[in-house]
Amino acid sequence: MSGWSEFSSEQYCYLTTRGRVTGRPHRIEIWFAIDGQTLYMLSGGGERSDWVKNLRRTTEVTIEVGSGRFAGRARVVADAAEDERARSLVHDKYARSYGGDLSDWRRSALPVAVDMQR
């Protein structure tokens with residue numbers, strides 16, 4: 001299989017990070033979009049989100065999406081072009097079906113990427 005497109009239509013993924021203080025697994029349900037070998041998420045809480053603080057400490061994460069479970073390396077998106085791509089992909093995936101306006105979230109959320117491994 002090439003890429004992760006088979007999982008693109010899933011509504012949520014589950015991200016498991018390692019707690020930066022306890023070392024215990026921390027699992028959240030979150031919106032996502034996939035582009036090639038990279039999964040993107042937007043943190044509405046920005047750098048204040050526990051999961052972002054956790055992945056800054058330990059970049060190895062686990063992603064569960066559909067029937068798949070994958071290891072990956074997480075990073076906060078720093079490149080301007082990738083930042084815009086991440087925001088567009090995640091926003092556009094959910095904007096039509098969501099009952100409210102996501103434009104503020106699109107603009108202010110922190111883009112996070114997980115480079116997934118097989």
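**Group meeting talk: a seven-stranded sheet and its helices**

Let me start in the middle of the fold: strands β4 and β7 run antiparallel and are joined by 6 bridges. One pair you can find on your screen is T38, whose bridge partner in β7 is D115. Before I go on, please keep in mind that this is a predicted model.

Now let's step back to the whole sheet. It is an open sheet of 7 strands, paired antiparallel, in the order β2-β1-β5-β6-β7-β4-β3. The edges are β2, residues 25–30, and β3, residues 33–35, and each of these pairs on one side only. On average, neighbouring strands in this sheet are turned by 35 degrees against each other, ignoring direction. As a quick reminder, strands of a sheet pair through backbone hydrogen bonds, either parallel or antiparallel.

How does that sheet fit into the chain as a whole? The protein chain has 3 helices and 7 strands. Reading from the N terminus, the elements go β-β-β-β-α-β-β-α-α-β.

Back to β4, and this time its other neighbour. Strands β3 and β4 run antiparallel with 3 bridges between them, and A33 has Y40 in β4 as its bridge partner. These two strands form a hairpin with 2 residues between them, where G36 takes a positive phi near 65 degrees.

So, is β4 buried or exposed? It is mostly covered, with 6 of its 6 residues buried. Both faces are covered: T38, Y40 and L42 are buried on one side, while L39, M41 and S43 are buried on the other.

Which helices lie against this sheet? Let's take α2 to begin with. Helix α2, residues 80–95, lies across β3, β4, β6 and β7, and runs at about 80 degrees to β4. One residue to look at in this helix is K93. K93 has a relative accessible area of 22%, so it counts as partly exposed. Setting aside neighbours within four places in sequence, K93 is in contact with S8, E10, F32 and A33. You may remember A33 as the bridge partner of Y40. For a sense of scale, the C-alpha atoms of K93 and L15 are separated by 18 Å, and these two residues are 78 apart along the chain.

Next comes helix α1, residues 50–57, where W51, V52, N54 and L55 are buried. They sit on the same side of α1, because they cover an arc of only 160 degrees around the axis. The buried residues of α1 pack against β1, β2, β4, β5, β6 and β7.

Let's also visit the other part of the sheet. Strand β1, residues 13–18, and strand β5, residues 60–65, run antiparallel and are joined by 3 bridges. If you want a pair to click on, T16 stands opposite T62 in β5.

To finish, a few overall figures. With 118 residues, a compact globule would have a radius of gyration near 13 Å, and this chain, at 13 Å, agrees with that. The C-alpha trace spans about 40 × 35 × 25 Å along its principal axes. Of the 118 residues, 48% count as buried. The accessible surface comes to about 6,500 Å², and 45% of that belongs to carbon and sulfur atoms. And among contacts between residues at least 6 apart in sequence, 65% join residues at least 24 apart.

Thanks for listening, everyone!

Note on methods
Residues are numbered from 1 along each chain as its sequence is written. This is a predicted model: local features need pLDDT of at least 70, side-chain atom pairs count only at pLDDT 80 or more; totals for chains, interfaces and linings use all residues. Side-chain values use heavy atoms; hydrogens and water are left out. Two strands pair if DSSP finds at least two bridges between them. Helices (H or I, at least four residues) and strands (E, at least two) are DSSP runs, numbered from the N terminus. Axes are lines fitted to C-alpha atoms, for helices over the stretch in contact, and angles run from 0 to 180 degrees between N-to-C directions. Contact means heavy atoms within 4.5 Å. The radius of gyration is taken over C-alpha atoms; the globule rule is 2.2 Å times the number of residues to the power 0.38. Buried means under 20% relative accessible area, exposed over 50%, partly exposed in between (1.4 Å probe, protein chains only). Accessible areas come from the Shrake-Rupley method with a 1.4 Å probe; for residues, only the protein chains shown count as cover. The arc is that of the directions from the helix axis to the C-beta atoms.
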